[in-house]
Each structure stands twice: as structure tokens, then as C-alpha cells.
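Visitor: Could you take me on a close look at the place where the ligand sits? I am new to this, so please go step by step.

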Amino acid sequence: MIPIQLLRKVSVFEGLNDRQLEKIASLCGEEIHVAGALIFKEGAPAQKVYILREGKIALEMGIRLWPEQKIRQMTIEILSPGELFGLSTLTESDVLTMAARAVDRSKLIVLNAGDLHPLMDEDHDMGYRIASGVANLVAARLRDTRLKLTGFLGESQVALEQTPEESTAIRRIQYGINFRWVAVIGVVVITLLANLVFGIRFPILPVLVIALIIALYNVAFWRYTERLESEEPATVIPKVRRYVWVQSVADLLATTAIIHFTGGVENPFILYYVFHVILASIILPYRLAYLLATLAVALFTSLVGLEYFQIIPHVHLEGFVRPDLYLQTSFVLAVLFGFGTTLYISAYLTTAIAGELRKRQRETVALRDRLLLEAKELEKANEELVRLDRLKTYFLAMASHDLKTPLAAVQSYLHVMLGGFVGELSDQHRHMLERSSTRINELFDLINRFLDLAQIEKGKVVEEMEIISLQEVLNSCVEDIRILAAEKSQELKADIPSDLPKVYGSANHLKQVVTNLLSNGVKFTPEGGSITLRARETDHHIEVAVMDTGIGIVPDDLPHLFEQFYRGKGGATAKGTGLGLSIVKRIVEAHQGKIWAESPYDDGQSGAKFVFTLPKGQPAGIKIFGD
Ligand code: ADP
């Protein structure tokens, strides 16, 4: 049988007890796969869950990086021993299954889904744990896959556009269609104006016919663009590009025809070819943009050449330029040179800017994806915090009720017995009952301190803060401790100036701080020693010090005194929870103060000195009135 220690390390079985693990182990078998063997195919419903015991397994997925290219098999993750795969066996059937392939010779622990399912149904606790473990693992794996793909697309030059880019491309085609309507109207208006108002003579009819043809094909393009919007995202970009190419060629032919009927090289509107090149360069890749510019140059040069060599008739703009201008070689060459360079420079500038924009767009999408993932992780962490906080509240409620109530009952029975109300007690019985009572008091103390800590964390200290007389607080602490000190014949000295300024704080909690420090002083000072409480005002603070002539603190203990449950080596014989100073520190810090310990102190005085500070003056918005 498979040792359960092996199963315990598998994340999905985390939290299962030995009995449950043994049940699972009894269902496990073993398989060995040679290097390169395909364990299951992508998308195939896995029949078994596998745990990698030795070797390496690659999870693979077919990815199409470019819409017209073949699907390529890519490794998404390499698993190492202890990891689980074949998860779709345990999830809904529509969860993505990657292919699994042995990279090296691999030893696998195999579990039949058919065996595991009844076990999970039968033992609900186990079923729940495994199911939630699997869900977490699947989610993590999907997230990794997505991150990997996003990273890959972000860095490489693969022209696989993201959705915002696709919609931009479609929008740009729409600009082209609108622009064409304006062009049709422009051609008609300019033709009529030139003829009727400026008296420039050229045949109007062919120009108007060409304008009509443009209008007709624009209607067809417009219809087609609407269809593009509902296309599959992956095929949009290549379709848009083909479509822009067809439109641009049609436009160039139509423009060349219009230019032919409106004076050829004489027509100043030849520069309008530039618009076609610019519009196409925004959408098309570099190569196609330059090809289009070349086509425009070729068409225009052919037109001008054919007219120059009088192979086709030249239409003269009567009344606009000299009739033989189209035959003047220097003029024709200069126009062609200016025309060609304008078109190529436009293509260069536009493709460069559009390429840059496309890159930024892709980066933005990749960044957005990453941020979304991080936000999800933060959300998860936050949920976990909320859960822990609830658990703490529950624990506190339980501590204060479920723990203290039975303890109080036990304590009262002990008092009844110790009071002799249920009969005489032997000395031995009395001794044992007294010890029980003491231990129960210690337990009460521990529970109360836990509750204290929780209250402080919940902001209780700050809630209770008001303007108080520190002098009164300190004096009352001294009175409280006086009997304790007298029991050990210790001298208790107080040096508290009568003009000590008032402070903004919680009287109850500050009392707790000082009492704690004083009683520690009493506890750790032998009989006949002395304990001093001293308060004084400095420039920015009020400083309170508790000093004793006791056993002192060894240097190793000093840095840890304020940690929870820390009990110093020197104080090992004295009883305590080790929580007192950590509570004290939190209270002082809630008051924006500092606390520290020194031992020895004041140039060689043996014993311990604890000092804490409280800020002087007025916290924002609160006024402290002096006496
Ligand atoms: P407890 O609640 O058990 O008294 P504290 O947190 O108050 O624990 O103190 C922690 C440790 O600090 C003690 O175990 C002791 O070693 C040391 N300590 C505290 N006060 C003094 C002191 N006045 N003199 C010597 N050691 C002290």
C-alpha cells in the first residue's frame, strides 16, 4: 500500500486525518511512464487522478498564436514530485484539461475517479476538503496559465491583437466610410463649382459617373462593416486588413480615373492620394502600407506617362493652366518626384505612429490583466483576514463565557468546601483544595489577560481616551500596591510632582500599566528592598519610571521582555503568564507613547527600571486645560 505520509504532503489532501488518508491509500495504484509518453490528451476527460512520485511531468496545451497559423503544442507547466494532475476527474466536466506528458521516466500514484467519488460522498468532511483543495488548485493553475500567456504576448512581437485593438480597427474602417461620403459630395460640388462658377472647362459627366460608382461601392462596404462587428474576435483582424486593402485599391483606381478626367498632372487635388495612404497605413501592417503607396505612385505615374507620351488623350483644364503644361518634362518630373516622396513619407510616419500605438494598446491590456489578477489575490487575502477576525471574535466569546462560567462554578464549590460547609477537611485535603483554588485563579488571570489583549486590539483604549489627571492615576496605583509591598517589608516611594500636566488618555488602562509595573517590581524584589514610582515632565513628554532594587534583568532577556508569553530566565521561579508587559506595551503605544526597560540603571544601580512616555500637549482637535 502507498504510505500515507506521501499522501499527506499532497495539497489536496491537506487536513485529512490518518483514517481518511488510509482509506485513500487503499485505493491507490502505481504506474510508470517512460520519457515522452503521453499520459492523457488535452480536453480528454481524465479517468484517473495522478500524483507524481518521481520524475517530471509537463502539462501542455495547443495554442494558436496567429489566426491563420496551425495550433502549436506548448508546455504550460512542469510538475515536480508531490504535485497532482488529472484534476478534471474531480471537477465539472467543462473544466479545461491540459495534456500531460512524461518529460523523464516518471513514477505515478494513481487513483481511480470511480473509487474516490463514493468515498467522498460517504465521508462529507473528506469530500468537502478534497473538493475545495481541488478548486483552489484548478484556480491557481488557470491563473498561472493566463499569466504565462499574457507575459508571452506582452513581450513577443506576435501580432495577435487584443479585443480593444480589434474594435479600434473596425472604428477606423467606419471613419474611412464616412470620409468617402464626404469625398463623393466634395467631388460633385468642386466639379460643379469649377465648371459653373470658375469657368474651368472639363467633361463633367464621366466625373459624376465615377462619383456615383464610389457612392455605390461605399454602400456595399458600409453593409459589410456592420457584419464585421459580430465576427469571431480571432478572425476580425485579418478580415479587416483584407477588407481595407480591397477598399484602398478601389479608392486608388477611382481617384486615378477622376484625376484623368480632371486634368491629370495639372490637377492640384492629386495630393488627395495622401489621404488613402494615411488611412490604410493606420490599419495595415508596414509591408502592405508601403505596397499601397507604391501602387498609388505607379498608377499616377502611369497616368501622367501615358498622357505625356500621348498614348491616351489628355483632358485639359481649360482656363486654369497652360494647355501644354502636361508635356513640359521638368514640370512633370518635379510633380512626380514631389508626389512620390509625399506618399512614402506619409506611409512611413503613419505606420510608425500606428505601430507604436498598437504596442501601447497591447501593453495596457496585459497590464490590466495583471492588475485584475492581483486585485483578485488581494480580495482573497482580505476574505481570509475577515474570516480570521470572525474566528477571533468567536474565540473571545467562547473564552469569556464557556471557559469562565465553569471555572467560576468550580471555584465556588472549592470555597464551599474550604469554608467547612460540607464537613471537616483533613490538612491534606485542605492543602490540595487550596492549591486547586490558586491554580484556578491563575487560569482566570490568563483568560482575563487574553481578553485584555483582544480589547486593546479592538481599539478599546483609544475609545476610552479623554483628558485625565495623571497625578491622580499614579497616586491611586501607589495606594493599591501599598499592602502588597508591606507584605514583603518593601519600601514604596512615590515622586509625583503636584503640577504634573493633564494628559489625554484612558485612566483605566494607564492604571493597568502602572499597577502592572509596580507589582512586577514587588514580585522581583526581595524582602526589604524598595520600589520607586517617579513621574516628570520633559520638553515633549511626560515620563513615568518604575524602579526597583530587585534581581534585575539579564542582558539576554532585555530585548524580549515585551513579547507575548515571554518570561525571563531571572524570573523563572516567580509565577506569571508572560503577557503582562506585552499588554502594557500595547496600551502605551495606543497612547502614542514608548516603553523600555533598563537593568542595571542610573549608573550601576542594580535592579530594574521600566520607563514609559506619554505625549504632552494637545492631540489635534482636542484642548487640554491646565489646572
Ligand atoms: P508576567 O505577566 O508573567 O508577570 P510580564 O510580561 O509582566 O510577565 O514580565 C515578563 C518577564 O519580564 C518576567 O518573567 C520577568 O522575567 C521580567 N520582569 C518583568 N518585570 C521585572 C522586574 N521588575 N524585575 C526583573 N524582571 C522583571
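Guide: We will start at the ligand and then visit a few other spots along the chain. Please keep in mind that this is a predicted model, so local features are described here only where pLDDT is at least 70.

Let's begin with the site itself. The ligand sits in the largest pocket. Two elements each give two or more residues to the shell around the ligand: helix α14, which spans 507-523, and α15, which spans 580-590. Of these, α14 provides the largest share of the shell, with three residues.

Who are the neighbours? There are 21 residues around the ligand, and the ones that come nearest are R449, N520, D548, G578 and L581. If you sort the shell by class, you get eight nonpolar, nine polar and four charged residues.

Now zoom in on some atoms. K523 has a polar side-chain atom 3.1 Å from an oxygen atom of the ligand. The backbone takes part too: a polar backbone atom of G568 is 2.9 Å from a ligand oxygen, and a polar backbone atom of G580 is 3.2 Å from an oxygen atom of the ligand. On its own, the ligand has 550 Å² of accessible area, and the protein covers 97% of that.

From here, let's step to F565, which you will find in the loop between β13 (541-548) and α15. Look at its backbone: phi of F565 is near 65°, which is a positive value in a residue other than glycine. Is F565 buried or exposed? The relative accessible area of F565 is 43%, so this residue is partly exposed, lying between the 20% and 50% cut-offs.

A second residue with a positive phi is S489, where the angle is near 50° and the residue is again not glycine. S489 belongs to the loop that links α13 (470-487) with β10 (491-495). With 47% relative accessibility, S489 also counts as partly exposed.

There is another backbone feature to find in a loop. Follow the chain to the peptide bond from S599 to P600, which is cis, with omega near -5°. P600 is in the loop between β14 (595-598) and β15 (609-615).

Next, try S106, a residue of strand β8, which runs over residues 106-112. The relative accessibility of S106 is 1%, and because buried means under 20%, S106 counts as buried. What does its side chain reach? The side chain of S106 comes to the backbone oxygen of D104 at 2.8 Å, and it also reaches the backbone oxygen of K56 at 3.2 Å.

Our last stop is V184, in helix α5, which covers residues 163-197. V184 has a relative accessible area of 11%, so it too is buried. Try finding I213 from there: V184 and I213 are 29 residues apart in sequence, and their C-alpha atoms are 9.4 Å apart in space.

To retrace the walk, go back to the ligand in the largest pocket, and look once more at α14, the element with the largest share of the shell around the ligand. Then compare S106, which is buried, with F565, which is partly exposed.

Terms used
Residues are numbered from 1 along each chain as its sequence is written. This is a predicted model: local features need pLDDT of at least 70, side-chain atom pairs count only at pLDDT 80 or more; totals for chains, interfaces and linings use all residues. Side-chain values use heavy atoms; hydrogens and water are left out. A residue is near a molecule or strand if one of its heavy atoms lies within 4 Å of it. A polar contact is a pair of N or O atoms within 3.5 Å; within protein, one must be able to donate a hydrogen and the other to accept it, and residues adjacent in sequence count only if both atoms are side-chain atoms. Accessible areas come from the Shrake-Rupley method with a 1.4 Å probe; for residues, only the protein chains shown count as cover. On a 1 Å grid over the protein atoms alone, a cavity is a set of points where a 1.4 Å probe fits but cannot get out, and a pocket is an open set with protein on both sides within 12 Å along at least five of seven lines; lining residues have an atom within 4 Å of a point. A molecule sits in a cavity or pocket if more than half of its atoms lie within 2 Å of its grid points. Helices (H or I, at least four residues) and strands (E, at least two) are DSSP runs, numbered from the N terminus. Ala, Val, Leu, Ile, Met, Phe, Trp, Tyr, Cys and Pro count as nonpolar, Asp, Glu, Lys and Arg as charged, and the others, Gly among them, as polar. Buried means under 20% relative accessible area, exposed over 50%, partly exposed in between (1.4 Å probe, protein chains only).
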